[in-house]
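Please open the structure in your viewer and follow the selections below in order, keeping the sequence at hand as you go.

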Amino acid sequence: MDEALRAARAVQSRLRDLPSRVVIYLILAACLFPEVGYPGVWRKLTGALVGLPVAAPTASALAQAR
């Protein structure tokens with residue numbers, strides 16, 4: 001994933017709530033679950049991370065990140 005981001009010159013220069021690597025995983029998962037929308041996909045990706053600090057982006061933030 002990191003190599004693909006470097007090749008595309010899409011590596012972020014600052015720490016964000018949704019790093020580039022996470023956005024790629026979000027888009028890939030959205031292809032698997034097209035009927036639930038970005039917030040639903042985000043919940044599926046982060047559902048098992050109980051007890052860990054997880055960003056809570058809005059639907060708009062998820063759409064803009066892609």
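**A pair of helices**

Begin by selecting α2 and α3, which pack at an angle of about 110 degrees, with their axes 10 Å apart. The model is a predicted one. Because angles of 65 to 115 degrees count as roughly perpendicular, α2 and α3 are described as roughly perpendicular to each other. Now show the side chains at their contact, where α2 contributes V22, Y25, L26, A29 and A30, while α3 contributes Y38, V41, W42 and L45. Sorted by class, this contact of α2 with α3 holds 9 nonpolar residues, with no polar and no charged ones.

Next, keep α2 alone on the screen: this helix has 13 residues and reaches 19 Å from its first C-alpha to its last, close to the 18 Å expected at 1.5 Å a residue. Colour its buried residues, which are S20, V23, L26, A29 and A30, and then bring back α1 (2-7), α3 and α4 (59-65), the helices against which these buried residues pack.

From there, select L18, V23, L26, A29, A30, V41, W42 and L62, the 8 residues that make up the largest nonpolar core. Both α2 (20-32) and α3 (37-46) supply at least two residues of this core, and the largest share, 4 residues, comes from α2.

Finally, centre the view on V41, one of the residues of that core. Which residues is V41 in contact with, leaving aside its neighbours within four places in sequence? Selecting its surroundings should bring up L26, A29, A30, F33 and V36.

Note on methods. Residues are numbered from 1 along each chain as its sequence is written. This is a predicted model: local features need pLDDT of at least 70, side-chain atom pairs count only at pLDDT 80 or more; totals for chains, interfaces and linings use all residues. Side-chain values use heavy atoms; hydrogens and water are left out. A nonpolar core is a set of buried Ala, Val, Leu, Ile, Met, Phe, Trp, Tyr and Cys residues joined through side-chain atoms within 4.5 Å. Buried means under 20% relative accessible area, exposed over 50%, partly exposed in between (1.4 Å probe, protein chains only). Contact means heavy atoms within 4.5 Å. The expected span of a helix is 1.5 Å times one less than its number of residues. Axes are lines fitted to C-alpha atoms, for helices over the stretch in contact, and angles run from 0 to 180 degrees between N-to-C directions. Angles under 35 degrees count as roughly parallel, over 145 as roughly antiparallel, 65 to 115 as roughly perpendicular and the rest as oblique. Ala, Val, Leu, Ile, Met, Phe, Trp, Tyr, Cys and Pro count as nonpolar, Asp, Glu, Lys and Arg as charged, and the others, Gly among them, as polar.
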